[in-house]
Amino acid sequence: MLDVFSVPMLAIVPRIITAADIALRRRRVAYTVVTVVVLGIVSIAAIHLFYRPLDVLWFAAMRHLGI
Amino acid sequence: MDRTQHVQEVTRLQRPGHAVREAHEHLVNGSNGEHRRDHDRPASVRIDRSLLKDRPIVLPDETGPAAHAYRMLRTQLLQRLRQHRSRAIGIVSAADREGKTLTAVNLALSLAVEPNQTVLLVDLDLHRPSVASTLKLRVEQGLESWFAGRINNLEQVTYPVDGFERLFILPALAGVPGSSEALASMRAQNMLGELKASEPERLILLDLPPLLLTDDFLTIAAHLDGVVIVAREGRTKREDLTRISEILGSVRVLGTVLNHSTQFERRAY
């Protein structure tokens with residue numbers, strides 16, 4: 001701005017965080033957590049139903065690890 | 001008048017804000033001494049702190065980086081205003097949502113606690129007036145009533161603010177159709193002239209519509225002593241600033257304000 005107007009910058013005002021902003025941020029975090037959890041559950045269910053049952057995968061993993 | 005009455009009168013005259021109230025009385029009653037009816041005088045409005053929690057309003061008693069920034073803005077602007085003997089200041093931005101109303105409101109609040117400085121905040125963004133809604137003021141009518149001809153006396157909608165003896169707000173509650181033509185009318189031009197002439201020591205802050213989106217500014221530019229340009233970090237484009245510098249023409253730019261910044265003074269003192 002300084003080079004466009006050749007006048008001093010009187011103030012640099014930071015973003016003002018209000019109670020509403022904090023509530024919005026909390027809601028966004030909550031939505032993100034819920035989305036991640038739901039996607040995780042859906043992914044595990046999809047693997048169980050469409051790829052291989054989870055108990056079979058579990059025993060395959062145990063055998064692979066030599067346990 | 002006995003001695004007790006005399007002492008009471010002197011005490012009343014010495015009370016802070018007396019001059020402001022007297023000046024307002026003068027405005028309300030008219031310069032020719034004609035007393036208007038009491039119901040012409042608007043009740044004062046209250047800025048309710050509890051309602052403003054979701055608004056980025058910085059009250060003068062607050063601390064923190066934003067409060068510090070507005071104090072800096074106030075002091076620097078006052079220095080420049082006194083230097084140039086300016087009184088009618090437009091707060092402008094290139095486009096909408098860049099924080100001009102917020103700057104106008106917070107600056108007015110900050111200026112109103114300055115000793116010996118009366119401030120009138122006028123919402124002249126007749127496209128999307130938002131001073132009253134930003135402060136959540138409970139008022140029934142504003143400038144739109146004056147433009148519609150429902151009231152003739154502007155003082156009916158010039159509200160004193162509780163707790164701020166030196167602050168008056170002239171809000172608009174609804175848009176004014178054909179605002180550019182309305183502002184260009186002789187009545188509006190006279191009104192702007194009278195606002196400046198009515199109280200020589202009063203500072204007038206005008207919240208104006210975005211320069212690139214309307215031509216309202218051009219119709220009232222002659223009444224302005226200067227403008228403060230508000231830009232928002234990450235939103236205002238450089239080419240927009242170049243364009244508004246052309247629109248401003250010979251209007252004095254008193255300074256700029258960068259809003260919503262991530263590069264502010266974090267050090268405390």
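What percentage of the 67 residues of chain A count as buried? In this predicted model, the share of chain A residues that count as buried is 15%, and the legends below go through the two chains and the sheet that they form.

**View 1. Chain A and its elements.**
Chain A holds three helices and one strand, and when the chain is followed from its N terminus these elements come in the order α-β-α-α. Because its radius of gyration is 26 Å, well over the 11 Å that the globule rule gives for 67 residues, chain A is more spread out than a compact globule. Along the principal axes, the C-alpha atoms of chain A fill a box of roughly 75 × 30 × 25 Å. The accessible surface of this chain is about 5,300 Å², and carbon and sulfur atoms make up 70% of that area.

**View 2. Chain B as a whole.**
Chain B has 269 residues, of which 54% count as buried, and its secondary structure consists of 10 helices and seven strands. Among the contacts in chain B with a separation of 6 or more, 80% come from residues that are 24 or more positions apart in the sequence. The accessible surface of chain B is about 13,400 Å², with 48% of it belonging to carbon and sulfur atoms.

**View 3. The sheet with strands from chains A and B.**
Eight strands make up an open sheet with mixed pairing, and their order across the sheet is 1(A)-7(B)-6(B)-1(B)-5(B)-2(B)-4(B)-3(B). The two edge strands, each of which pairs on one side only, are strand 1 (9-14) of chain A and strand 3 (159-161) of chain B. Neighbouring strands of the sheet are turned against each other by 25° on average, with direction ignored. In a regular strand, the side chains alternate between the two faces of the sheet.

**View 4. Strand 6 of chain B and the strands that pair with it.**
Strand 6 of chain B is mostly covered, since six of its seven residues are buried. This strand runs parallel to strand 1 of chain B, to which five bridges join it, and in this pairing B:Gly90 has B:Val227 of strand 6 as its bridge partner. Strand 6 also pairs in the parallel sense with strand 7 of chain B, here over six bridges, and B:Ala231 stands opposite B:Leu258 of strand 7.

**View 5. The antiparallel pair of strands 3 and 4 in chain B.**
Strand 3 of chain B and strand 4 (residues 164-170) of chain B pair in the antiparallel sense, with three bridges between them. In this pair, B:Val161 is found opposite B:Phe164, a residue of strand 4.

**View 6. Two helices of chain B against the sheet.**
Helix 3 (residues 65-84) of chain B lies across strand 1 of chain A and also across strand 1 (88-93), strand 5 (203-207), strand 6 (226-232) and strand 7 (253-261) of chain B. The direction of helix 3 is at about 165° to strand 1 of chain A. Helix 4 (residues 100-112) of chain B packs on the sheet as well, and the strands of chain B that it touches are strand 1, strand 2 (119-123), strand 4, strand 5, strand 6 and strand 7. The direction of helix 4 makes about 165° with that of strand 5 of chain B.

**View 7. B:Thr101 and the residues around it.**
B:Thr101 belongs to helix 4 of chain B. Its relative accessible area is 10%, and because buried means under 20%, B:Thr101 counts as buried. When its neighbours within four places in sequence are left aside, B:Thr101 is in contact with B:Ser130, B:Val131, B:Thr134 and B:Asp207. With one of these residues, B:Ser130, the side chain of B:Thr101 also makes a polar contact of 3.4 Å through the partner's side chain.

**View 8. Two residues with a positive phi.**
Most residues other than glycine have a negative phi. B:Asn116, which is not a glycine, nevertheless has a positive phi near 65°; B:Asn116 lies in the loop between helix 4 and strand 2 of chain B, and at 73% relative accessibility it counts as exposed. B:His260 is likewise not a glycine and has a positive phi of about 55°, but its place is in strand 7 of chain B, and at 28% relative accessibility B:His260 counts as partly exposed.

Notes:
Residues numbered from 1 in each chain as written. Chains lettered and ligands numbered in written order. Heavy atoms only, no water. Helix = DSSP H or I, 4+ residues; strand = E, 2+ residues; numbered from the N terminus. Buried < 20%, exposed > 50% of the residue type's maximum accessible area, 1.4 Å probe, protein only. Contact = heavy atoms within 4.5 Å. Areas by Shrake-Rupley, 256 points an atom, 1.4 Å probe, with all protein chains shown as cover. Rg over C-alpha atoms; globule rule 2.2 N^0.38 Å. Pairing = 2+ DSSP bridges. Axes fitted to C-alpha atoms, helices over the stretch in contact; angles between N-to-C directions. Polar contact = N/O pair within 3.5 Å; in protein donor to acceptor, adjacent residues only side chain to side chain.
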